[in-house]
Protein chains: 2
Amino acid sequence: MTGSLTVVGLGPGNPDQITPEAMAAVTAAEDFFGYFPYIDRLNLRPDQRRHASDNREELARARAALDMAAKGGKVCVVSGGDPGIFAMAAAVCEAIDEGPAEWRDIELSVVPGVTAMLAVAAKAGAPLGHDFCAISLSNNLKPWAVIEKRLVAAAEAGFVMAFYNPISKARPHQLGEAFDLLRKHLPATVPVIFGRAAGRPDESIRVVLLAEAQGDMADMATCVIVGTAETRLVEHPGQRPIVYSPRSFKGDS
Amino acid sequence: MTGSLTVVGLGPGNPDQITPEAMAAVTAAEDFFGYFPYIDRLNLRPDQRRHASDNREELARARAALDMAAKGGKVCVVSGGDPGIFAMAAAVCEAIDEGPAEWRDIELSVVPGVTAMLAVAAKAGAPLGHDFCAISLSNNLKPWAVIEKRLVAAAEAGFVMAFYNPISKARPHQLGEAFDLLRKHLPATVPVIFGRAAGRPDESIRVVLLAEAQGDMADMATCVIVGTAETRLVEHPGQRPIVYSPRSFKGDS
């Protein structure tokens, strides 16, 4: 009597940005695993059980959820944003890959969601309108040298960049170092967006130039978007400027 | 009496993947601009007006929508997926940037959606679970040399890649050329996913190795995801293998 495990993306935080598919998956499940602020977003019924855990325990959480599903549970693993972008879907797949054979019999599904960079980009205009990349700035899971290599490659190849996990109490310096590195490879006038809680009441969207960008303009819940030399600022009287990356490339190849 | 313009993302095609925020924006609008298959997805009221247009007319469509909003219209521009990812939001921003000053007074908003690569990745497992990039393979708006440069940069820096606009009747060779180029820079065993109509009744998700990947495995509605040397295939008895990119980087930096 193998059960099911659904990894669900709850979007960036505004309840109106949760898809009906994700809501239906939550309704159908009985046991919920996830970082406690995400579990707290759900209005669970008394018969639905919460197994909230702290951040940075993704693999242990995935294994506990799979273990319960293998015993017949209807299990839901919740992520903010989209579960496939620097979130729980990869941890669940990794746990299956390394786990007992019976975990492969679990009915696995992943329900996509609106990931943070899409919500922040929407508030800013269309900064991701051209080729772009997404990079986690956390060096908990990869060497900082790899991150630096990717930052330089992205800047030189003309990708807009979205940074996830830009900073944390344990990693206060990475974002500032990333900006310092990018200032050597991109014009000082490149727009940088700091987006936090997009679509929520405490939303904060700030646009600065790369020359002025500082690591302490972000916290761990901020998504940072760095444009390219082609990204444009459109002045918007009385409002934040619109930021967009043109669809066509007119620069030097 | 300036009006409003909302650029709305309808998600990948499954109605259960449209956010309540997007549905509310559709309900509130009176005039709808977009590529006709997207307009056709909406159940509009008799008092809501359709201004459907053909593909490849994004800038003209954006200008027509802005013109109507400037005259006081409640205008909605619809995109599939997310409007900020190779879709209408950048075209609208570009039209404002280049258009008459009064267009800057229009109340502009962008409503994010689930973009194709997220829906395809969810069906495959978690192929975007590590740093990744998104590239439009269309050389209508940028030189092919720029695309080639980005493909090589992404492969060498270890980004998973998602390709939008991989192929069309007017551009039948690009995707095959991209695979040929990538085979020089990535191992033959890298997983490649061809995802079409993810979450819809006619869904097709196919996983092959880079050595076997061919341009004719995609059409213009396919999103193609190319892994890295780290991306793993988990055999799944009786089903398609699970594809995921581990969160941690264990390779050579």
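Begin by selecting A:Cys133, which, of the residues of chain A, comes closest to the rotation axis, with its C-alpha at 1.9 Å. This is a predicted model, in which local features need pLDDT of at least 70 and side-chain atom pairs count only at pLDDT 80 or more, while totals for chains, interfaces and linings use all residues. Residues are numbered from 1 along each chain as its sequence is written, chains are lettered from A in the order in which they are written, and side-chain values use heavy atoms, leaving out hydrogens and water.

Now show both chains: a turn of 180 degrees with a shift of 0.0 Å along the axis lays chain A on chain B with an RMSD of 0.0 Å, superposed by least squares on the C-alpha atoms of residues with pLDDT of at least 70 in both. That is the relation of a two-fold axis.

Next, select residues 144-157 of chain B, which form helix H6 (helices are DSSP runs of H or I with at least four residues, strands runs of E with at least two, numbered from the N terminus). Ten of the 14 residues of H6(B) are buried, so this helix is largely enclosed by the rest of the structure; buried means under 20% relative accessible area with a 1.4 Å probe, counting protein chains only. Among them are B:Trp144, B:Arg150 and B:Leu151. The buried residues pack against helix H6 (144-157) of chain A, and also against strands S7 (132-136) and S8 (160-164) and helix H7 (174-183) of chain B, where contact means heavy atoms within 4.5 Å. Finally, select B:Gly158, which follows H6(B) and has a positive phi, near 85 degrees.

Note on methods
The expected span of a helix is 1.5 Å times one less than its number of residues. Buried means under 20% relative accessible area, exposed over 50%, partly exposed in between (1.4 Å probe, protein chains only).
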